[in-house]
Amino acid sequence: MASLWVAQDYGYFRRQGLDVQLLYIGGGSVVTQALLGGDVQFVRLGANSVVQASLRGASLKMIGNTINTLVFSLMARPEIQTAKDLKGKKIGLTRLGGSTDFALDLALKKWGLRRGADVAVIQTGGMPQLLGAITGGIVDAGVVSPPTNLAATKLGLKELVDFGEIGIVYPNSPLATTQSFLEKNRSTALRLLRAYCEGIHRVRTDKEGTIKVLARYTKVQDPEILAELYRIYGVKYLEPIPKVRLDAVDEVLRSEVKSAAGVKASDFVDNTLVNELEQQGLFQTLYR
């Protein structure tokens with residue numbers, strides 16, 4: 001979320017004439033419901049949630065994406081040393097059907113473990129609640145993202161897998177809206193995306209300022225954790241131009257679509273806004 005937070009705090013949305021309120025809603029399925037209910041106009045959520053909702057008739061579009069891999073870790077209680085030790089155990093997720101659920105599916109398939117039969121999968125809520133469930137013994141392991149994985153390591157939990165190192169191309173952080181909103185409010189969407197891109201640039205080029213914003217929003221004060229957060233989200237994985245990669249969406253479709261005929265990645269993506277900003281010379285100006 002760093003690019004959103006920076007765009008908000010540095011006034012990039014206001015500069016585009018937009019009065020933006022950032023709301024935290026834990027879990028992709030709940031975020032999708034808020035979008036479809038009209039409570040929010042844009043969302044940041046897992047691509048699999050966009051695909052699932054659209055296949056059910058919601059017609060959502062990903063209009064930007066900043067990270068193209070799964071930045072998650074599977075953290076476990078210290079007595080669990082290998083994937084084999086998970087058999088018969090409980091694994092926590094933020095929300096069933098969200099991106100943490102998608103990541104867990106990949107790991108379970110890799111290890112030959114079956115939901116229900118071999119492991120129990122439990123929905124716990126947001127990342128802080130999930131960490132509390134692991135340390136409190138409610139679940140034995142959980143799929144978490146930074147900085148929760150860093151805090152978990154400091155608490156003595158073990159990282160069983162770093163999904164970012166697996167090499168899977170996945171649209172981890174798409175910005176999405178509904179097709180109907182785009183048709184009626186394209187100018188608003190374009191201005192919001194312009195401010196978002198300026199936020200991305202600020203994150204990539206202003207380490208000190210970004211770390212201050214990260215500290216305020218995450219409530220993390222540990223300099224070591226903040227520096228690692230910036231390394232991961234501001235340097236290692238953050239894309240300068242937030243186009244949605246169709247090959248990354250294809251990875252989602254291979255997992256999510258079992259029988260839908262004729263479904264293709266472009267059905268869930270609208271890169272025309274980023275393309276328009278590119279044609280206007282925005283990125284050339286930002287990164288000259």
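Let's start with helix α11, which covers residues 223-236: its 14 residues reach 18 Å from the first C-alpha to the last, close to the 20 Å expected at 1.5 Å a residue. Keep in mind as you look around that this is a predicted model.

**Helix α11 and its surroundings**

Which residues of α11 are buried? They are I225, L226, L229, Y230, I232, Y233 and G234. An α-helix has 3.6 residues a turn, so residues three or four places apart point the same way. The buried residues of α11 pack against three other helices: α7 (148-154), α9 (186-205) and α10 (207-218). Now look at the start of α11, where a side-chain oxygen of D222 comes to within 2.8 Å of the backbone nitrogen of E224.

**Helix α1 and two crossings**

Two packed helices are described by the angle between their axes and the distance between the axes. Here are both values for two pairs that involve α1.

| Helix pair | Axes come within | Crossing angle |
|---|---|---|
| α1 (residues 2-9) and α10 | 10 Å | roughly 100° |
| α1 and α9 | 8 Å | roughly 105° |

The crossing with α10 makes α1 roughly perpendicular to that helix. On the α1 side this contact uses A2, W5, V6, Q8 and D9, and on the α10 side T210, V213, L214, R216, Y217 and T218.

The second crossing has a similar description: α1 and α9 are roughly perpendicular to each other. Here A2, S3, L4, V6 and A7 of α1 meet A195, Y196, G199, I200, R202 and V203 of α9.

**The five-stranded sheet**

Next, find the open sheet of 5 strands, which follow the order β5-β4-β6-β3-β7 with mixed pairing. Why do β5 (120-123) and β7 (158-162) each have one side without a neighbour in the sheet? They stand at the edges with a single partner strand each, so one side of each is left free of a neighbour. On average, neighbouring strands of this sheet are turned by 25° against each other, direction ignored.

Inside the sheet, β3 (residues 73-76) and β6 (residues 141-144) pair in the antiparallel sense over 4 bridges. One position to look for is S73, which stands opposite V144 in β6.

Helices also pack on this sheet. Helix α5 (residues 99-111) touches β3, β4 (90-93), β5, β6 and β7, and its direction makes about 150° with that of β4. Helix α6 (residues 127-135) lies across β3, β4 and β6, running at about 160° to β6.

**Another strand pair**

Strand β2 (residues 60-65) is mostly covered, with 6 of its 6 residues buried. This strand pairs with β8 in the antiparallel sense over 5 bridges. Within that pairing, G64 has L175 of β8 as its bridge partner.

**Two buried loop residues**

Is G26 buried or exposed? G26 is buried, because its relative accessible area is 14% and the cut-off for buried is under 20%. You will find G26 in the loop between α2 (12-15) and α3 (28-36). G26 and L45 are 19 residues apart in sequence, and their C-alpha atoms are 9.8 Å apart in space.

N172 sits in the loop between β7 and β8 (174-178). N172 is buried too, with a relative accessible area of 14%. Leaving aside residues up to four places away in sequence, N172 touches L45, G46, N65, I67, T69, L70, V71 and F72.

How values were computed. Residues numbered from 1 in each chain as written. Predicted model: local features only at pLDDT ≥ 70, side-chain atom pairs only at ≥ 80, totals over all residues. Heavy atoms only, no water. Helix = DSSP H or I, 4+ residues; strand = E, 2+ residues; numbered from the N terminus. Expected span 1.5 Å × (residues − 1). Buried < 20%, exposed > 50% of the residue type's maximum accessible area, 1.4 Å probe, protein only. Contact = heavy atoms within 4.5 Å. Polar contact = N/O pair within 3.5 Å; in protein donor to acceptor, adjacent residues only side chain to side chain. Pairing = 2+ DSSP bridges. Axes fitted to C-alpha atoms, helices over the stretch in contact; angles between N-to-C directions. Parallel < 35°, antiparallel > 145°, perpendicular 65-115°, else oblique.
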